Amino acid sequence: MGTFIIEGGHQLKGDIHPQGAKNEVLQILCAVLLTDQPVEINNVPDIIDVNKLIALLNNLGVKVTKNGPESYTFQADNINLDWLQSEEYKTQGRGLRGSIMLVGPLLARFGKGYIPRPGGDKIGRRRLDTHFEGFIKLGAKFRYNKEEYFYGVEADELHGAYMLLDEASVTGTANIVMAAVLAKGQTTIYNAACEPYLQQLCKMLVRMGANISGIGSNMLIIEGVEKLGGTTHRVLPDMIEIGSWIGLAAMTKSEVTIKNVAYDELGNIPNTFKKLGITVERKGDDIYIPAHKDGYEIQNYIDGSILTISDAPWPGFTPDLLSIVLVVATQARGSVLIHQKMFESRLFFVDKLIDMGAKIILCDPHRATVIGHDFQSQLKSTTMTSPDIRAGISLLIAALSAKGTSTIHNIEQIDRGYQNIDTRLRAIGAKIERLN
């Protein structure tokens, strides 16, 4: 179990470049199974979850060529479907939440797809019903081995259908879209997720020959085609990492420029940080955060009531950044209610912030009230363990702003989502050391 040693209280300064988006690239990698032609993918982040999926695809028979540091070409022209029944596949698939998105393309192209119950962050219930209900409506038969927690869907032929998703699941929508593009007839997906990452997947599939309309809306209409071809795709910068750097800059009173952020794809992320009083300045396609020497003040509503920041399906505020907002609020002037609606365990890391001196009231598993210090009282260092990716980066930001030297264990959780984070932070002045 790896460890970070962080000497907090230092101002940072410089440029930081966001990595490719983890949540997009996991979808894109699964989509290479839809064609036997080469698919080139650029801006691929070098992180644990992505590398696990690439290794899984390679074991499945996909030819993987590394063109450069963040560029790969994949060709799925000789897939070994028997490997899907192997113990090795079951073990590898369990270790990666994103492996669920292999099922849609496998079902579409080969008539069957299997997956062990996937793992991932322990942030509450993350059911798979949306995925499999969609496949069933397309004509697949579902089976489940309770002893081995092994899911399967099979179909001689998929047929288009109308479906109203019970939740706007990003991975569920992606999985169903990838199955529907090769189904016969028209598929309508209502209450579809419409995140930029899902839009990127749809645009890539269209370049491969798919017929998809309504991209960017919550209703997708797909006319099935017989075959898809190859393409080249570039992954967007990671909006969660961009939000993390905004929060880090404010908490450490640092002057930071976040480069090449694809600003128009960030939705209400910049504006949400502005509600906390943080100056987020657009410069071309960069974001400039000045040193907040006088702190930052949370806006109240126009009637004077306390601000609430909550998550919602896109274009609402992403749940992956609520923990960052919570940490940043601990040093603001004023108070805010953080309402985590989508996952019931994502606020359980606040006890560690309370140990560091933060003023937080955990109202219930979904809500926390933060009373900001206005930098009158600096957080103090402590020893803690990262429970998941997003809580881990939030605790790292807290440690970098705290007085003294903090220790964070289980940093593999952070490495699952953030590429070479210690090296990149040291480049802008952070005092952080990795121990293996």
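This section describes salt bridges, one open sheet and one helix pair in a predicted model.

The structure contains 18 salt bridges. In one of them, the side chains of D320 and R346 come together with an N to O distance of 2.7 Å. The two residues are 26 apart and belong to distant parts of the chain. D320 sits in the loop between β17 (307-310) and α10 (322-329), and R346 sits in the loop between β18 (335-339) and α11 (350-355). Both partners fall below the 20% limit for burial: D320 is buried at 12% relative accessibility, and R346 is buried at 8%.

A further salt bridge joins the side chains of R333 and D374, at 3.1 Å from N to O. R333 is located in the loop between α10 and β18, and D374 in the loop between β20 (367-371) and β21 (383-385), so this pair ties together parts of the chain that are 41 residues apart in sequence. R333 has a relative accessibility of 28% and therefore counts as partly exposed, since the buried class ends at 20% and the exposed class begins over 50%.

Helix α14 (residues 421-426) includes D422. A salt bridge connects D422 with R426, and the closest N and O atoms of the pair are 3.6 Å apart. Because R426 and D422 are 4 residues apart in helix α14, about one helical turn separates them. The two partners are assigned to separate accessibility classes: R426, with a relative accessible area of 38%, is partly exposed, whereas D422, with 5%, is buried. Salt bridges with shared partners connect D415, D422, R426 and R434 in one network. When neighbours within four places in sequence are set aside, the contacts of D422 are F4, I432 and R434. R434 thus appears both among these contacts of D422 and in the salt-bridge network.

Four strands form an open sheet in the order β9-β10-β12-β11, and their pairing is mixed. The edges of this sheet are β9 (162-164) and β11 (211-213), each of which pairs on one side only. From one strand to the next, the twist averages 15°. At one edge, β11 pairs with β12 (residues 219-223) in the antiparallel sense, over 3 bridges. Within the sheet, S213 is placed opposite I221 of β12. Helix α6 (residues 170-180) lies across β9, β10 (186-190), β11 and β12. The direction of α6 makes an angle of about 20° with β12.

Helices α2 (residues 48-60) and α3 (residues 87-94) pack against each other with their axes 10 Å apart and at an angle of about 160°. Angles over 145 degrees count as roughly antiparallel, and α2 and α3 are therefore roughly antiparallel to each other. Their crossing is left-handed. On the α2 side, the residues that meet α3 are A55, L56 and N59. Their counterparts in α3 are E88, Y89, Q92 and G93.

Definitions and conventions. Residues numbered from 1 in each chain as written. Predicted model: local features only at pLDDT ≥ 70, side-chain atom pairs only at ≥ 80, totals over all residues. Heavy atoms only, no water. Contact = heavy atoms within 4.5 Å. Salt bridge = Lys/Arg side-chain N within 4 Å of Asp/Glu carboxyl O. Buried < 20%, exposed > 50% of the residue type's maximum accessible area, 1.4 Å probe, protein only. Pairing = 2+ DSSP bridges. Axes fitted to C-alpha atoms, helices over the stretch in contact; angles between N-to-C directions. Parallel < 35°, antiparallel > 145°, perpendicular 65-115°, else oblique. Left-handed = near helix turned anticlockwise from the far one by under 90°.
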